[in-house]
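Biologist: Hi! Could you walk me through this one while I have it open on my screen?
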Amino acid sequence: MSPDDSRPTPLLEAHALGFSRNEEPVFGPLDFAVDSGEALLVQGGNGAGKTTLLRVLAGLLPADAGDVTIDGIRADRERRAHAIAYLGHLPGLKADLSVLENLHFLCGLHGRRRGQSPEAALGIVGLAGYEDALARQLSAGQKKRLSLARLWLSPAPLWLLDEPYANLDLEGIELVNRMVQAHLRGRGAALVTTHGAYAAPPVRTRLLQLESRR
Amino acid sequence: MTPSLAGSARALLARDFRLLWRRRGDALQPALFALLVVVLFGLALGGEADALAGSASAVLWVAVLLAGLLGLDTLFRGDAEDGSLEQWMLAPVPLAWLVAVRTFSHWLATVVPLVIATPLLGELLHLPKAELPVLLASLALGTPLLSLLGAVVAALTVGMRRSGILVALLALPLYVPVLVFGAGSVAAHAQGLDPVGALLLLGAGLALALVLAPLAAAAAIRIALS
């Protein structure tokens, strides 16, 4: 499967990707690709398999069929860990740690993008002044913003965002779009799931529509 | 900047000890439990020095083992519920390494204070002075082995909602040989026999578990969370 020379190798590519739970297909087979500088909007109703697709791509679930390549090379755990930053439904924050402590730990775990600091990232997501607040005191939207700060600090080029707009106010939605835009300008790519088209970021976007099976 | 093994371990240890400090009331529970067991045993055996001295090392071993079992369910549960484990699985450092570091911090926080308090608890039970070094050596080798075995069991049950007694049931058969050799080494020493054989066996078990248990626990976590 050598990509032809005229086109750059996509950052992420899926061939005949499928996943089933208890013999019942959740999605797929799917074929799609995302280039760097591009966003893939994954749309579909509740239960269409958007979250499952992202978890399969992240490597949290094993795919049942097909394969995933990153930069043209089959994705193994190591490659995924360096290329992918995942924002799921669970924020992965410790309630008893402060905002800044949470961020420092997650940077220690995932690495940090060159030239970025946790303090500056908090400013970007609008949490400046909350450094010493405990994560348990944050609202759901603020926790989401903290997760976005973690994402912003991650050195991974490919963002997998599962419902990033959930719990956010209008300004927060705008923030997600700005962050995705800036990330894409830096040769990154993003997969964004959403159940509506209300908030697509103003960037080069491909659309993947998942249909509910039932 | 990709994180190194040492860097991620430092971050995880710093996080765990901060969390421990924020909830220091909970952290004291295993130690209080062990103290309770030891005091109750002392009272039940009537406080006679001879009767106590004979069973002191065995009681101490059981108290430490049960206290370790008490905190086992919390080893990965909190991290599974708030999504931290997901982030561990996606990190560029091996999950087995993070599991090993987490188990180490758990052992440091729950068991090491007990091992340090063992001489004092031994006084309560009239533990013969000559048995103390062997008891401490067997605890130093045996308790990390217990924690590592416990980590595998805790990882296996992390996907279940309530698993308190299940963890104990699964862990106990694995704990029995450790208890037999641990308490056995002290008993052998008390009878004038050489305790080194049992201690070496514990050491061998620990070496094996250090390598294999984090791998097994990591595999179990991946299965439990998928």
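Biologist: How many residues does each chain give to the contact?
Modeller: The contact takes 26 residues from chain A and 23 residues from chain B, where two residues are in contact if their C-beta atoms, placed from the backbone, lie within 7 Å. This is a predicted model: local features need pLDDT of at least 70 and side-chain atom pairs count only at pLDDT 80 or more, while totals for chains, interfaces and linings use all residues. Residues are numbered from 1 along each chain as its sequence is written, and chains are lettered from A and ligands numbered from 1 in the order in which they are written.

Biologist: Thanks! Which element has the largest share of the side of chain B that touches chain A?
Modeller: That is α1(B), with eight residues. Both α1 (5-22) and α6 (84-90) of chain B supply at least two residues each. Helices (H or I, at least four residues) and strands (E, at least two) are DSSP runs, numbered from the N terminus.

Biologist: And by class, what is on that side of chain B?
Modeller: Nine nonpolar, seven polar and seven charged residues. Ala, Val, Leu, Ile, Met, Phe, Trp, Tyr, Cys and Pro count as nonpolar, Asp, Glu, Lys and Arg as charged, and the others, Gly among them, as polar.

Biologist: Switching to sheets: what is the order of the five strands in the open sheet of chain A?
Modeller: The order is β6-β7-β8-β3-β9, with parallel pairing; two strands pair if DSSP finds at least two bridges between them. At the edges are β6 (84-87) and β9, each pairing on one side only. From one strand to the next, the twist averages 15°.

Biologist: Which strands does β3(A) join?
Modeller: Five bridges link β3 (residues 39-43) of chain A to β8 (residues 189-194) of chain A, and five bridges link β3(A) to β9 (residues 205-209) of chain A. Gln43(A) has Thr194(A) as its bridge partner in β8(A), while Leu41(A) stands opposite Leu207(A) in β9(A).

Biologist: Is the pairing in the four-strand sheet of chain A parallel or antiparallel?
Modeller: Antiparallel, in the order β2-β1-β4-β5. Its edge strands are β2 (24-34) and β5 (73-74). Five bridges join β1 (residues 12-21) to β4 (residues 65-70) of chain A, and Gly18(A) stands opposite Ala65(A) in β4(A).

Biologist: Now helices. At what angle do α3(A) and α5(A) cross?
Modeller: Roughly 35°, and the axes of α3 (residues 99-110) and α5 (residues 140-153) of chain A come within 10 Å. Axes are lines fitted to C-alpha atoms, for helices over the stretch in contact, and angles run from 0 to 180 degrees between N-to-C directions.

Biologist: Which residues meet there?
Modeller: From α3(A), they include Leu103(A) and Leu106(A), and from α5(A), Leu146(A) and Ala149(A) are among them. By class, this contact has seven nonpolar, one polar and one charged residues.

Biologist: Last one: what does Leu60(B) touch?
Modeller: Leaving aside neighbours within four places in sequence, Leu60(B) is in contact with Val38(B), Thr118(B), Leu121(B), Gly122(B), Leu125(B) and Leu135(B).
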